[in-house]
Each structure stands twice: as C-alpha cells, then as structure tokens.
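This report walks through a protein chain, from its overall make-up to its helix packing and ring pairs. Keep the sequence and the coordinates open while reading.

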Amino acid sequence: MTTQIKSKQRVSDHGEVFTRKEEVNAMLDLVKHETLRIDARFLEPACGDGNFLIEILRRKLAVIEKDYAKSQREYEFYLVIAIGAIYGIELQQDNVQACRERLCKFAEQSYRLLFPETVNDTVISVIRFILSLNIVQGNALKMCYVDENNQDLEHQMIRFSEWSSFSWRRKWSLKRHDFVFLPLLFVRSVPYKSITTYLPCYFLEIQNAQPID
C-alpha cells in the first residue's frame, strides 16, 4: 500500500501527495458505469505509482472474470483490452516504474489465479509492452516527455497508442494507432488524426505489428 508521501522534500519540490484508496474509490464511483466498461479509456495526468489506475484495473478485471472466466482465450483478449485502455503520465521516474510493475503484477496475479496450469507467458509480455507505452514519464502540463533528471524535453511531445479490437481475417485481432497527446485535448472542431497506424494483427503479436507506410 502506498503511503501519502514518500518524503517531505518531494512534497516541497513537486507537490507529491498520494491519494488514499478510500478517496480514490469515492471519486471513481462518480463514474462507476465507465469503470465497469472493459474498453473505457482512462488517463491519469499525475499517476504517481498508480493508486487510481490500479483501482480502475481492479474493477475492469472483476467484470472480465465474471463474463469470460470460462474461456481462457477470451479472458486473455479482454485482459489485454483492459490494460490497453489505461494511461498515465508521471514526472518521477521511480513512480513510472512502480506504476507499470504494480499494474502488471496485479493483472498477472489475477490471470494466474484463474488459469494456474495453462498460463501463457506471452500474455504477460504483451501486457508489459503495452504498459511501457501507456505509462510514460512526462510533464502533463507542458505535454512533453521528461528525462531521467526531470528535465523537460519540450521538443518531444507525449504520444499515446490506441489499442482497439478489429474485425480481421483472424479472430482476436487488435489495431494500434499512435497519437500526439496535445491535439487529443485541444482539437475539438475536426477529427484528430493518428501519426502512425499499424497493420492489424493477432492480439498476442501486437509487439511485432508493422506500421503502414
């Protein structure tokens, strides 16, 4: 369990205070119907080590277990969909790593509890890959990445990948689109366009998806 502060210095330097679980759930209950949608997307712009995101994932996985626990392949597919719908931006590198690991560990434990004898390690690899792109070290106010010394990389705007199910030649396919974060927030009058689109593929091969020229 995360304490509310890691050090007084970090509070002074960055205003870093973590939200308690009770407060997290009270706030999520305000949009409860969305937290129960497997593919509903959530972005936490100051995610810390994942207090909000872990509770969102917990709710999504409860729905997946209820609806798809009888079919391992279906469970795996919707587990990946749920992970792909969770995004975070965090200034501190240690928090970024902790958040990724926390989300991955919870997803893996839930998966192994249901299918202890038939776990597919490729599913875990896919989860780690998606989290490496969905949870980023950056400055959400300036919408740019930061380096390991917390220096803004203003020439490198934050990008996110959208992972969506796709009806293709093969069942259980996903398609990846990459977007720059800034237009997603401020371009309302015209549809935003992806900067990179990838060929659809089987969901366990998403790491090898090829960009469309």
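## Overall make-up

The model is predicted. Its protein chain holds eight helices and nine strands. Of the 213 residues, 46% are buried. The accessible surface of the chain comes to about 11,800 Å². Carbon and sulfur atoms account for 51% of that surface. Long-range contacts also have a share to report: among contacts between residues at least 6 apart in sequence, 62% join residues at least 24 apart.

## Helix packing around α4

Two packed helices are described by the angle between their axes and the distance between the axes. Helix α4 spans residues 51–68, and helix α2 spans residues 21–28. These two pack at an angle of about 60 degrees, with their axes 10 Å apart. An angle in that range makes α2 oblique to α4. The crossing of α2 and α4 is right-handed.

Which residues make this contact? From α2 come Lys21, Val24, Asn25, Met27 and Leu28. From α4 come Asn51, Phe52, Glu55, Ile56, Arg58 and Arg59.

Leu28 deserves a separate look. Its place is in helix α2. Leu28 is buried, because its relative accessible area of 5% falls under the 20% cut-off. Leaving aside neighbours within four places in sequence, Leu28 is in contact with Thr35, Phe52, Glu55, Ile56 and Arg59. Take Arg59 from that list: Leu28 and Arg59 are 31 residues apart in sequence. Their C-alpha atoms are 10.0 Å apart in space.

Helix α4 also packs against α5. The axes of α4 and α5 come within 10 Å and cross at roughly 160 degrees. That angle makes α4 roughly antiparallel to α5. The crossing of α4 and α5 is right-handed. On the α4 side, the contact is made by Leu57, Lys60, Leu61, Ile64, Glu65 and Tyr68. On the α5 side, the residues are Glu74, Tyr75, Tyr78, Leu79, Ala82 and Ile83.

## Aromatic pairs

How many aromatic pairs does a search of the whole structure find? The count is eleven. Two of these pairs are set out below.

| Pair | Centre to centre | Angle between planes | Geometry |
|---|---|---|---|
| Tyr75 and Phe115 | 5.5 Å | 65 degrees | edge-to-face |
| Phe77 and Phe203 | 5.3 Å | 85 degrees | edge-to-face |

Start with Tyr75 and Phe115. This pair links distant parts of the chain. Tyr75 sits in helix α5, residues 72–84. Phe115 sits in the loop between α6 (93–114) and α7 (121–134). The two residues are 40 apart along the chain, and their C-alpha atoms are separated by 9.9 Å.

Are these two residues buried or exposed? Tyr75 is buried, with a relative accessible area of 1%. Phe115 is buried too, with a relative accessible area of 10%. Not counting residues up to four places away in sequence, Phe115 touches Ala69, Ser71, Gln72 and Tyr75.

Now take Phe77 and Phe203, whose rings are edge-to-face. Phe77 lies in helix α5, while Phe203 lies in the segment after β9 (201–202), so the pair ties together parts that are 126 residues apart in sequence. Both Phe77 and Phe203 are buried.

Phe77 and Phe203 also belong to a cluster. Ring pairs link them with Tyr68, Tyr78, Trp172 and Tyr202. Two members of this cluster recur from the packing of α4 and α5: Tyr68 contributes from α4, and Tyr78 contributes from α5.

## Two loop residues with positive phi

Trp172, one of the cluster residues, has a phi near 65 degrees. That is a positive value in a residue other than glycine. Trp172 is found in the loop between β6 (159–166) and β7 (173–180). Trp172 is buried, with a relative accessible area of 17%.

Where is Met143 placed? Met143 is in the loop between β3 (135–139) and β4 (144–146). Its phi is near 60 degrees, again a positive value in a residue other than glycine. Met143 is buried, with a relative accessible area of 8%.

Note on methods
Residues are numbered from 1 along each chain as its sequence is written. This is a predicted model: local features need pLDDT of at least 70, side-chain atom pairs count only at pLDDT 80 or more; totals for chains, interfaces and linings use all residues. Side-chain values use heavy atoms; hydrogens and water are left out. Rings of Phe, Tyr and Trp (its six-membered ring) pair if their centres lie within 6.5 Å; planes under 30 degrees apart count as stacked, over 60 as edge-to-face and the rest as tilted. Helices (H or I, at least four residues) and strands (E, at least two) are DSSP runs, numbered from the N terminus. Buried means under 20% relative accessible area, exposed over 50%, partly exposed in between (1.4 Å probe, protein chains only). Contact means heavy atoms within 4.5 Å. Accessible areas come from the Shrake-Rupley method with a 1.4 Å probe; for residues, only the protein chains shown count as cover. Axes are lines fitted to C-alpha atoms, for helices over the stretch in contact, and angles run from 0 to 180 degrees between N-to-C directions. Angles under 35 degrees count as roughly parallel, over 145 as roughly antiparallel, 65 to 115 as roughly perpendicular and the rest as oblique. A crossing is left-handed if the near helix is turned anticlockwise from the far one by less than a right angle, and right-handed if clockwise.
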